[in-house]
Amino acid sequence: MPTTVLTTPRSTTVRRADRHDAAYGEPMRGNTPREIDPAGAQALLAEVFDPGSDRLAHSLGVGRRAEHVARALDRPALLVTAAYLHDVGYAAAARDTGLHQLDGARYLRSLGAPDALTGLVAHHTSATVEAAERGLDHRLSDEFPEPSGDLLDLLTYCDITTSARGDAVTVDERFAHIYDRYPPGHLVWRSMQHAEPGLRQLVARVERRLERPAP
Ligand SMILES: [Fe+2]
């Protein structure tokens, strides 16, 4: 069974999070390989985000929430790894187009991440809505097909129920924070307004599943 490794310029090793999960694909390459699993993901976050920053706190909070969801619903470690890395596109090393989902997916791909991981990062939390606002919708879907299955919804659930500081919050609190953070009419504010009804339905669906976990 091949080992999946992720590499950064001063990098580390990432092993497959789930050796039985073929979606993890072929081994990743790099100077100093690191396993692609939740621990490797957290190590990468520590490299690209400032200690004490909201980005780091939020990313760690979303990852922790995903640990809980993955356990409760018996979902693979890929969900947790994607949750830790979902906002890596905000890192200076990754920023390019301004669409953080696309920038993050490209950055992870450049490090050798498999399609199963980059697809989740590329499409989390209604990425297509903001991509359309930015005129990047075709580029996003051409480069990173939207993943099938339930992991994308679960990842988005974890993101939308975790505050900017990494604490668990209700969907109402999360939207209030987002609308507070960006002025009315801002591209992100408009995108969230557009995506909000679908995101609320998604959160309700996942919460119903969490009330009745897999046997
Ligand atoms: Fe996020």
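**Exercise 1. How α3 and α5 pack**

Task: in this predicted model, work out at what angle α3 and α5 pack and how far apart their axes are. Then decide: are the two helices parallel, perpendicular or oblique to each other?

Solution:
- Start with the geometry: the angle between α3 and α5 comes out at about 50 degrees, and their axes are 9 Å apart.
- Now classify the angle. Roughly parallel needs an angle under 35 degrees, and roughly perpendicular needs 65 to 115. The pair fits neither class, so α3 and α5 are oblique to each other.
- Add the handedness: the crossing in which α3 passes α5 is right-handed.

**Exercise 2. Who meets whom**

Task: list which residues of α3 meet which residues of α5, then sort the contact into nonpolar, polar and charged.

Solution:
- On the α3 side, pick out Leu78, Thr81, Ala82 and Leu85.
- Across from them, α5 brings in Ala116, Leu117, Leu120 and Val121.
- Sorting this set gives seven nonpolar residues, one polar and no charged.

**Exercise 3. Covering α8**

Task: find how many residues of α8 are buried, and which elements cover them.

Solution:
- Helix α8 runs over residues 151-160, and nine of its ten residues are buried, so "mostly covered" is a fair label given that buried takes 20 or more other C-beta atoms within 10 Å.
- Go through them by name: Leu151, Leu152, Leu154, Leu155, Thr156, Tyr157, Cys158, Asp159 and Ile160 are the buried ones.
- Next, look around the helix. The cover over these residues includes α2 (54-73), α3, α5 (115-123), α9 (171-181) and α10 (187-211).
- For the backdrop, 43% of the 215 residues in the protein chain count as buried.

**Exercise 4. Placing Tyr90**

Task: say where Tyr90 sits, whether Tyr90 is buried, exposed or partly exposed, and what Tyr90 touches beyond its sequence neighbours.

Solution:
- Trace the chain from α3 (77-85) towards α4 (100-110): Tyr90 lies in the loop between them.
- Count the surroundings. Tyr90 has 18 other C-beta atoms within 10 Å; buried starts at 20 and exposed stops at 12, so Tyr90 is partly exposed.
- Skip neighbours within four places in sequence, and the contacts of Tyr90 are Arg55, Arg95 and His100.
- Finally, check Val48: Tyr90 is 42 residues away from Val48 in sequence, yet their C-alpha atoms are 9.2 Å apart in space.

**Exercise 5. The whole chain**

Task: how many helices and strands does the protein chain have, and in what pattern do they follow?

Solution:
- Tally the elements: ten helices and two strands.
- Read along the sequence, the pattern is β-β-α-α-α-α-α-α-α-α-α-α.
- As for contacts between residues at least 6 apart in sequence, 58% join residues at least 24 apart.

Key:
Residues are numbered from 1 along each chain as its sequence is written. This is a predicted model: local features need pLDDT of at least 70, side-chain atom pairs count only at pLDDT 80 or more; totals for chains, interfaces and linings use all residues. Helices (H or I, at least four residues) and strands (E, at least two) are DSSP runs, numbered from the N terminus. Two residues are in contact if their C-beta atoms, placed from the backbone, lie within 7 Å. Axes are lines fitted to C-alpha atoms, for helices over the stretch in contact, and angles run from 0 to 180 degrees between N-to-C directions. Angles under 35 degrees count as roughly parallel, over 145 as roughly antiparallel, 65 to 115 as roughly perpendicular and the rest as oblique. A crossing is left-handed if the near helix is turned anticlockwise from the far one by less than a right angle, and right-handed if clockwise. Ala, Val, Leu, Ile, Met, Phe, Trp, Tyr, Cys and Pro count as nonpolar, Asp, Glu, Lys and Arg as charged, and the others, Gly among them, as polar.
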